[in-house]
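Subject: Structure handover

Hello,

Here is the structure you asked about, with notes on its pockets and helix packing below. Please read the notes with the structure open.

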Amino acid sequence: MFNFFTVVDEKDAKLISPVTLAFVGDAVYSLFVRQKLVLTSDYSTGKLQKISCEEVSAHGQNILLEKILPRFTEEELAVFKRGRNAKKPTHSKSASIAEYNNSTGLEAVLGYLYLVGRYDRLTELLN
């Protein structure tokens, strides 16, 4: 049986493609933003969706990245760089190439931390 919170060994997580880590990290960040909004505001679902989209966008993620990049560990920075520099199968229509690459790097870090079970570190970075 599959467990929703399956933790991956760090060695195995480092073998996962950075774009795949970003795929997971995108979902992790989206859920974090939505949960935070629902638990800290009383907005209509339309307003929640608008705010959520702004924060989760490549541009919104770059704003977050500027704040937390100096706090990355060496390991997190290495995962970020792998994600940022990876060849991606798609591109953003509403963000610059630099913003899109940086957001992919950020998502890779978030995906990595989630998969290896570092939930406290995720919370620390995202708050």
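The lining of the largest pocket draws at least two residues from each of α2, α6 (97–115) and α7 (119–126). Please bear in mind that this is a predicted model. Helix α2 gives the largest share of that lining, with seven residues. The lining of the largest pocket consists of 18 residues, and those nearest the centre are Val-28, Leu-31, Phe-32, Tyr-114 and Leu-122. By class, 13 residues of this lining are nonpolar, four are polar and one is charged. The space in the largest pocket comes to about 530 Å³.

Two of the helices that line this pocket, α6 and α7, also pack against each other, with an angle of about 150° and axes 8 Å apart. On the α6 side the residues are Leu-110, Leu-113 and Tyr-114, and they meet Tyr-119, Arg-121, Leu-122, Leu-125 and Leu-126 of α7. This contact has seven nonpolar residues, no polar ones and one charged residue. Tyr-114 and Leu-122 thus appear twice in these notes: they belong to the contact of α6 with α7, and they are among the residues nearest the centre of the largest pocket.

The second largest pocket holds about 260 Å³ of space. Its lining also has 18 residues, with Asp-26, Gln-61, Tyr-100, Ser-103 and Glu-107 nearest the centre. Two or more residues of this lining come from each of α2, α3, α4 (58–68) and α6. Its classes are eight nonpolar, seven polar and three charged residues.

Next, the helix pairs around the second largest pocket. Two packed helices are described by the angle between their axes and the distance between the axes.

For α4 and α6, the angle is about 65° and the axes are 9 Å apart. Their crossing is left-handed. From α4 the contact takes Ala-58, His-59, Gln-61, Asn-62, Leu-64, Leu-65 and Ile-68, and from α6 it takes Glu-99, Tyr-100, Asn-102, Ser-103, Leu-106 and Glu-107. These contact residues are six nonpolar, five polar and two charged. Gln-61, Tyr-100, Ser-103 and Glu-107 are in this contact and are also among the residues nearest the centre of the second largest pocket.

For α2 (residues 18–40) and α3 (residues 45–56), the angle is about 140° and the axes are 10 Å apart. The two helices are therefore oblique to each other. Their crossing is right-handed. The α2 side of the contact is Asp-26, Tyr-29, Ser-30, Val-33, Arg-34, Lys-36, Leu-37 and Val-38, and the α3 side is Leu-48, Gln-49, Ile-51, Ser-52, Glu-55 and Val-56. Seven of the residues in this contact are nonpolar, three are polar and four are charged. Asp-26 is part of the contact of α2 with α3 and is one of the residues nearest the centre of the second largest pocket.

Regards

Conventions
Residues numbered from 1 in each chain as written. Predicted model: local features only at pLDDT ≥ 70, side-chain atom pairs only at ≥ 80, totals over all residues. Heavy atoms only, no water. Axes fitted to C-alpha atoms, helices over the stretch in contact; angles between N-to-C directions. Helix = DSSP H or I, 4+ residues; strand = E, 2+ residues; numbered from the N terminus. Parallel < 35°, antiparallel > 145°, perpendicular 65-115°, else oblique. Left-handed = near helix turned anticlockwise from the far one by under 90°. Contact = heavy atoms within 4.5 Å. Nonpolar A, V, L, I, M, F, W, Y, C, P; charged D, E, K, R; others polar. 1 Å grid on protein atoms, 1.4 Å probe; cavity = no way out; pocket = protein on both sides within 12 Å on 5 of 7 lines; lining within 4 Å. Points joined across faces, edges and corners; volume = space filled by probe spheres on them.
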